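Here is a short briefing on one protein chain. Please have the sequence and the model open side by side as you read.

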Amino acid sequence: MKLNKYFSYFLILTIIIAIISASIAVVILFRPFYYLNVKLLNLVEITGYSFSQIKTAYDEMMNYCLGLTNIFSCGDLKYTIEGMNHFTDCRTLFILDIALSILSLSIITVTIILKNKGKIQLTYLKHNFSYYSSIIIILVFSFITLLAISDFDAMFVKFHQLFFPNKDNWIFDPRYDQIINILPEQFFINCAIVIASIMFLCCLFFIYKEYKDNYKTKK
């Protein structure tokens, strides 16, 4: 069965979603990255909490955000209903990201298997699908990265206004929502750097592979 060019566009979009969502999922799921930041950012000394208290608070918060438990908690740290509601919103976004990652990667995998078995024929453009997906991601996120570098605070606010519209419960008072004390701005900057790095490395690999394969074909 030969699939038309519209399926090609669908695959390009699917690959874009896969690269972005999987890059985010790495940071969400790989908790040692946060534990490393606790040491790098000297959170024990700055907050006065022990490493064990910080780790427990983060783990319990993430367990809730990932849907591993339906009861919100953050160890010994105090929190408000408004603060908890923000993490409920985060829970929806985190689970959605992981679901998109699994779904998009599954579609790509099934497509590759069917193509290799000769069950389907794809209508190719000049380059393969991952090449176009990578170019789009690099262009869009290069622009976003430049904006973030110029004014991360403004970008941080815009991000929350976009994903948490008409809400301000993401603005924590550290006296009452103490979880924010162990989630400093620099940690989110580090998260953004890692996510962007993973995305760009994936894209550069796909672009390199496309040119390498084309060189071999011409040769």
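The points below cover confidence, the nonpolar core, aromatic pairs, charges over rings, one loop glycine and the cysteines.

This is a predicted model. Mean pLDDT for the chain is 91, and 95% of the residues reach 70 or more. The largest nonpolar core holds 47 residues. The whole structure contains 18 aromatic pairs and zero disulfides.

**Confidence**

- Helix α4, residues 51-65, has the highest mean pLDDT among the elements, at 98.
- Strand β1, residues 2-3, has the lowest, at 58.

**Nonpolar core**

- Within the 47-residue core, the residues with the most contacts are Y34, M61, F87, I179, I182 and L183.
- Helices α1 (5-29), α2 (32-40), α4, α5 (81-116), α6 (129-150) and α8 (185-218) each supply at least two residues of this core.
- Helix α1 gives the largest share, eight residues.
- I182 is in contact with Y34, L43, T47, Y49, I54, A57, Y58 and L77, leaving aside its neighbours within four places in sequence.
- As background, nonpolar side chains tend to be buried together in soluble globular proteins.

**Aromatic pairs**

- One of the 18 aromatic pairs joins F33 and F187. The ring centres of F33 and F187 are 6.1 Å apart. Their planes meet at 35°, so the pair is tilted.
- This pair links distant parts of the chain. F33 sits in helix α2 and F187 in helix α8, 154 residues apart.
- Both partners are buried: F33 has a relative accessible area of 15%, and F187 has 5%.
- Y35 and F51 form another pair, with ring centres 6.5 Å apart. Their planes lie at 70°, so this pair is edge-to-face.
- Y35 belongs to helix α2 and F51 to helix α4, 16 residues apart. This pair also links distant parts of the chain.
- Y35 is buried at 17% relative accessible area, whereas F51 is partly exposed at 32%.
- Ring pairs join F33, Y34, Y35, F51, Y58, F152, F156, W170, F187 and F188 into a cluster.

**Charges over rings**

- K39 lies over the face of F51, 5.9 Å from the ring centre.
- R91 places its charged end over the ring of Y64, 4.8 Å from the centre.

**Loop glycine G75**

- G75 is in the loop between α4 and α5.
- Its relative accessibility is 33%, so G75 counts as partly exposed.
- Leaving aside neighbours within four places in sequence, G75 is in contact with T56, A57 and E60.
- S52 is 23 residues from G75 along the chain. The C-alpha atoms of the two are separated by 9.6 Å.

**Cysteines**

- Why does C74 form no disulfide with C65? The sulfur of C65 is the closest cysteine sulfur to that of C74, but it is 10 Å away, too far for a bond.
- C74 is buried, at 0% relative accessibility.
- C191 is in no disulfide either. The nearest cysteine sulfur, in C90, is 12 Å away.
- C191 is buried too, with a relative accessible area of 10%.
- These cases fit the whole-structure search, which finds zero disulfides.

Notes:
Residues are numbered from 1 along each chain as its sequence is written. This is a predicted model: local features need pLDDT of at least 70, side-chain atom pairs count only at pLDDT 80 or more; totals for chains, interfaces and linings use all residues. Side-chain values use heavy atoms; hydrogens and water are left out. pLDDT is the predictor's confidence in each residue, from 0 to 100. Helices (H or I, at least four residues) and strands (E, at least two) are DSSP runs, numbered from the N terminus. A nonpolar core is a set of buried Ala, Val, Leu, Ile, Met, Phe, Trp, Tyr and Cys residues joined through side-chain atoms within 4.5 Å. Buried means under 20% relative accessible area, exposed over 50%, partly exposed in between (1.4 Å probe, protein chains only). Contact means heavy atoms within 4.5 Å. Rings of Phe, Tyr and Trp (its six-membered ring) pair if their centres lie within 6.5 Å; planes under 30 degrees apart count as stacked, over 60 as edge-to-face and the rest as tilted. A charge sits over a ring if NZ of Lys or CZ of Arg is within 6 Å of the ring centre and within 35 degrees of the ring normal. A disulfide is a pair of cysteine sulfur atoms within 2.5 Å.
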